[in-house]
Amino acid sequence: MSAVAQPPCGVIVELRRVRGSAPREQGTRMMVTAHATDGTIGGGALEHAAIARARALLGEWIAHPDLAREMHELHALGPQLGQCCGGSVTLAYAPSDSGKLEAPPPMFHLQLHGAGHVGRAVVAVLATLGCTIDWIDSRTDAFPASLPGGKAQLACRRLADPVAAIADAPPGAAFLIMTHAHPLDAALCAAVMRRGDFGYLGLIGSETKRARFTRQWRRQDIPPAAIARLCCPIGIPAIQGKQPELIALAVAAELASRFPARHMRQLPRIPIDLDAECSACRASARCAGS
């Protein structure tokens, strides 16, 4: 006797093909269940129609599990949905046993040095993004008592020698330097530039600070090409202001432009080892908040 097919818990809706001027990103997905959604295919009338269609399919598949299989629909955004952008998209609808989307790979891995006012503001903004953050400071009680929730995978580490942590980051990682001491800032940047495989290096400060550090790095034989890749001042120029929150927004925008999500989907997930020991104090990452 053949096994009875189990009814699905949800429907995965995915953009499979985008044609014309439709401002949609191929490969975006959302999960639709009877009472909730997760993810997005770009919003607007298309997403509204897709949710309604997915729930209708889910009702049919729950009633007749043997009919649950992937199906495709072509949507002309102008004639069918009245969207002025035009173009067309193909949507795929597939049954899901779990009703949950797989977590996408992180947009980027950031090693952030400094838990002062700006560092805290940066973490608060980036916590809303799907990234990994290794937050490092050498000071006792530097980190806030509670950490912001969100999509980011966040670990705090209190290290006696933060420069030693530069080697921990994966190739292509982003580094953001904003500590309490200029000599430490300079040493951290030098360590990153000696690696050479960084995806982004940002240093908080002015053009004057950059020029002073550059003279120092040249005496240390830091490669000129690596120095030229340093971002200082940090953040996109269009966002001006000295408030930590504005700096955080400018930096988040800069990182998002350097690491667009569509380019990061093929990268492996980057775990943070919360039990890794600090070579100097023998304390694990978990001890930072204790």
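This is a short walk through one helix, the strands beside it and a small enclosed space in a predicted model.

Let us start with helix H3, which covers residues 182–195. From first C-alpha to last, its 14 residues reach 20 Å, close to the 20 Å expected at 1.5 Å a residue. If you follow the chain just past H3, you meet glycine 196, which has a positive phi of about 80°.

Now look at what surrounds the helix. The buried residues of H3 include Leu184, Leu188, Cys189 and Val192. Among the elements that cover the buried residues of H3 are three strands, S6 (109–113), S9 (174–177) and S10 (200–203). Helices H4 (207–219) and H5 (224–228) also take part in this cover.

Strand S9 is a good place to pause. In a regular strand, side chains alternate between the two faces of the sheet. Here Ala174 and Leu176 point one way, while Phe175 and Ile177 point the other way, and all are buried. S9 pairs with S6 in the parallel sense over 4 bridges, and phenylalanine 175 of S9 stands opposite glutamine 111. S9 also runs parallel to S10, joined to S10 by 4 bridges; here leucine 176 has glycine 202 as its bridge partner.

Finally, where is the enclosed space? The count comes to 1 cavity of 30 Å³ or more, and the largest cavity has a volume of about 40 Å³. Its lining includes His113, Asp137, Thr179, His180 and Leu184. By class, the lining holds 3 nonpolar, 5 polar and 1 charged residues. Leu184 brings us back to the start: this residue lines the cavity and is one of the buried residues of H3.

Key: Residues numbered from 1 in each chain as written. Predicted model: local features only at pLDDT ≥ 70, side-chain atom pairs only at ≥ 80, totals over all residues. Heavy atoms only, no water. Helix = DSSP H or I, 4+ residues; strand = E, 2+ residues; numbered from the N terminus. Expected span 1.5 Å × (residues − 1). Buried < 20%, exposed > 50% of the residue type's maximum accessible area, 1.4 Å probe, protein only. Contact = heavy atoms within 4.5 Å. 1 Å grid on protein atoms, 1.4 Å probe; cavity = no way out; pocket = protein on both sides within 12 Å on 5 of 7 lines; lining within 4 Å. Points joined across faces, edges and corners; volume = space filled by probe spheres on them. Nonpolar A, V, L, I, M, F, W, Y, C, P; charged D, E, K, R; others polar. Pairing = 2+ DSSP bridges.
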